[in-house]
Amino acid sequence: MLPPPQALHARLQGRAEQLEAFIKATQARVADDGIDALREKINKKEQAIATSLLPAPPGFPPGRPTARLETESAQLHRELHSLQQAEAELPAARQELAQVRQRLQAAALCVQDAKTSAVPAPGAQDAGPSALPTHKPTLGELLAQESREEQAQIVRTALQDGGAAMRRLSDRAARRHPRSIAERLRGSPKPMDGQRLDAFKGLVRADVLALAKTGRIEPRLAAGMMRKAVEEGTLGKTVLPEDRQLLLSVLDQMQEEQTAPSVARDAFAGERLPPVPLPQGYRYPIAVSMMAHRAGEETGAVFGTKVAYLDAQQRQQYQVHMHNGKLYDAQGELFDTEAAKTVWGGDGKAIFVMDPAGNMYASNHHVKGKFHHSSFVAGAPVAAAGEFEVHKGVVKSISRESGHYWPTAEQLDQMAHHLKSQGAADFVINQEV
Amino acid sequence: MNALNFLRIPLSMIEHIADPAAFQGLSPQQLALLQRDYTPEEIRGIRAALQFAVEHPQHDFAAMLPGLSHSNERIHRFLVKVASSLQGQPGAANKSLRGA
């Protein structure tokens, strides 16, 4: 049996090889088959099915049997699904491979170290009782320490002087235990409730978002990171115990808000148009209907002006695609939002929606009363809607800003997952609305 | 069609303004974009709806567009600023609006 460092090294080596093989094979499949090529084949097959249902004109041979065409089409659908799944798993596999490689390096050092320590150093046996045994950190401890330091560094960078919430709490602590006449004159801090509590929550939220931006992580993870920093004493050493407890409960609340099931989080379910049942097999089944108060907008009944509702052909002009981690418009040009500008805002940001099949549509053109999120899909339910900032095809940030759909946090996660599964990375996910 | 529907167009704008209390009206650039994005007839509709808003501060503007996070009073002040920038703006933008 191998001793632990060697066993760990061997296990990591095996995993790295597995991941490398998977990545290589999937990349080859995507390059050979190509999702777009498969889609095209399916379209042709479906057209053939539609044609075969029509009677052949006199003098022409009958079309191919529909059943056979349907079997072929189903086979293509399965191939497409399998390829999409494999492609979706690629970013996670790459990330895991990077982590495994890091751990491999550390494990290699441990293996080397173990070999060295297995051979007694000259004179080691004579070291006597004065040579006290020293604790050697395990690989897990080393990695945990590294992670803690990295997180502490993000907290220090994002939250200058501890951040706005912590400054507020430190100020309260100073008033409770004044060390100067000026502090004494300000009196004891008032109870943290009502508007005071709401304002404090706003400060915590701003700090969490700053952390999310600096660490390039989702806000719920940032809330968890801030909580950990408070528990470990990186933050909040000087605050009052009850305020520290309050801060932890606010952070818990924020994490819960971000991770609760979508049904519970869709506080506006009752204000939407009736849900439309989706057929089985859609890639992103968490879809929301448009807000009911916007119904009839295409007739001028809402804004006075008529909101454009695109048909299937028109919406193709707005379809955007990810390729090698970059976003392209329908003409094959790198998508860019720098020129986006309207009377009512939207500077540097485009509006987007994603339908339940994962098709994305976007436009720099957002004219109130004329062209909205609902325009792309003619008011149909969407799997995601919001605004994003894209520079030369590189997605910089996404949000769920949409007055037409009021999307849930889970839907923004769907969009983020979709983008990441196609190679986009390092973009900010702004859950604020 | 209810002529007041046009009011929802400027009403939608308030959520894009960082500080509605500090808003001083549409900039010349915004006025130019207004002409780019809306027909003269539509601009006339917006102006008429804004005129109604100016004259009826007690109207429930907040109810016209659910989700607005401002008081009715603040929304009214905002609409008055938009209306005055549309009417009082000298130059090409205003001429075009008058001619619309």
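Tutor: A residue is buried if 20 or more other C-beta atoms lie within 10 Å of its own, exposed if 12 or fewer do, and partly exposed in between, the C-beta atoms being placed from the backbone. The model is predicted: local features need pLDDT of at least 70 and side-chain atom pairs count only at pLDDT 80 or more, while totals for chains, interfaces and linings use all residues. Residues are numbered from 1 along each chain as its sequence is written, and chains are lettered from A and ligands numbered from 1 in the order in which they are written.

Student: Is A:W406 buried or exposed?
Tutor: A:W406 belongs to the loop between β6 and α13 of chain A. Its phi is positive, about 40°, although the residue is not a glycine. Because 21 other C-beta atoms lie within 10 Å, A:W406 is buried.

Student: Is A:N324 buried or exposed?
Tutor: A:N324 sits in the loop between β1 and β2 of chain A, and its phi is positive, near 50°, in a residue other than glycine. With 8 other C-beta atoms within 10 Å, A:N324 is therefore exposed.

Student: How far apart in space are A:G325 and A:A425, C-alpha to C-alpha?
Tutor: A:G325 is in the loop between β1 (319-323) and β2 (326-328) of chain A, and is partly exposed, with 16 other C-beta atoms within 10 Å. Not counting residues up to four places away in sequence, A:G325 touches A:G423, A:A424 and A:A425; contact requires C-beta atoms, placed from the backbone, to lie within 7 Å. A:G325 and A:A425 are 100 residues apart in sequence, yet their C-alpha separation is 7.4 Å.

Student: Which are the edge strands of the open sheet in chain A?
Tutor: Strands (E, at least two residues) and helices (H or I, at least four) are DSSP runs, numbered from the N terminus, and two strands pair if DSSP finds at least two bridges between them. The open sheet has 7 strands with mixed pairing, in the order β2-β1-β4-β3-β5-β6-β7 of chain A. The twist from one strand to the next averages 35°. Pairing on one side only, the edge strands of chain A are β2 and β7 (428-430).

Student: Which residue of β5(A) is the bridge partner of A:A350?
Tutor: β3 (residues 350-354) and β5 (residues 384-391) of chain A run antiparallel and are joined by 5 bridges. In β5(A), A:A350 has as its bridge partner A:F388.

Student: Which residue of β6(A) stands opposite A:E389?
Tutor: β5(A) and β6(A) pair in the antiparallel sense over 4 bridges. Their hairpin has 2 residues between the strands, and A:K392 takes a positive phi near 45° there. Opposite A:E389 in β6(A) stands A:S397.

Student: Which residue of β7(A) is the bridge partner of A:I398?
Tutor: β6(A) and β7(A) run parallel, with 3 bridges joining them. In β7(A), A:I398 finds its bridge partner in A:I429.

Student: At what angle to β5(A) does helix α13 of chain A run?
Tutor: Axes are lines fitted to C-alpha atoms, for helices over the stretch in contact, and angles between N-to-C directions run from 0 to 180 degrees. Helix α13 (residues 409-421) of chain A lies across β1, β3, β5, β6 (394-399) and β7 of chain A. Relative to β5(A), the helix runs at about 45°.

Student: How is α5(A) oriented with respect to α7(A)?
Tutor: α5 (residues 164-176) and α7 (residues 194-215) of chain A pack with their axes 7 Å apart, at an angle of about 140°. Angles under 35 degrees count as roughly parallel, over 145 as roughly antiparallel, 65 to 115 as roughly perpendicular and the rest as oblique. α5(A) is therefore, with respect to α7(A), oblique.

Student: How many residues of chain A are in contact with chain B?
Tutor: Chain B has 5 helices and 0 strands, and buried residues make up 29% of its 100 residues. Chain B contributes 16 residues to the contact, and the residues of chain A in contact with them number 19.

Student: Over which residues of chain A is the pLDDT below 50, with 1 contact beyond near neighbours in sequence?
Tutor: pLDDT is the predictor's confidence in each residue, from 0 to 100. Chain A averages 79, and 81% of the residues score at least 70. Where pLDDT is low, the predicted coordinates should not be read in detail. The stretch of chain A with pLDDT below 50 and 1 such contact is residues 119-133.

Notes:
Contact = placed C-beta atoms within 7 Å.
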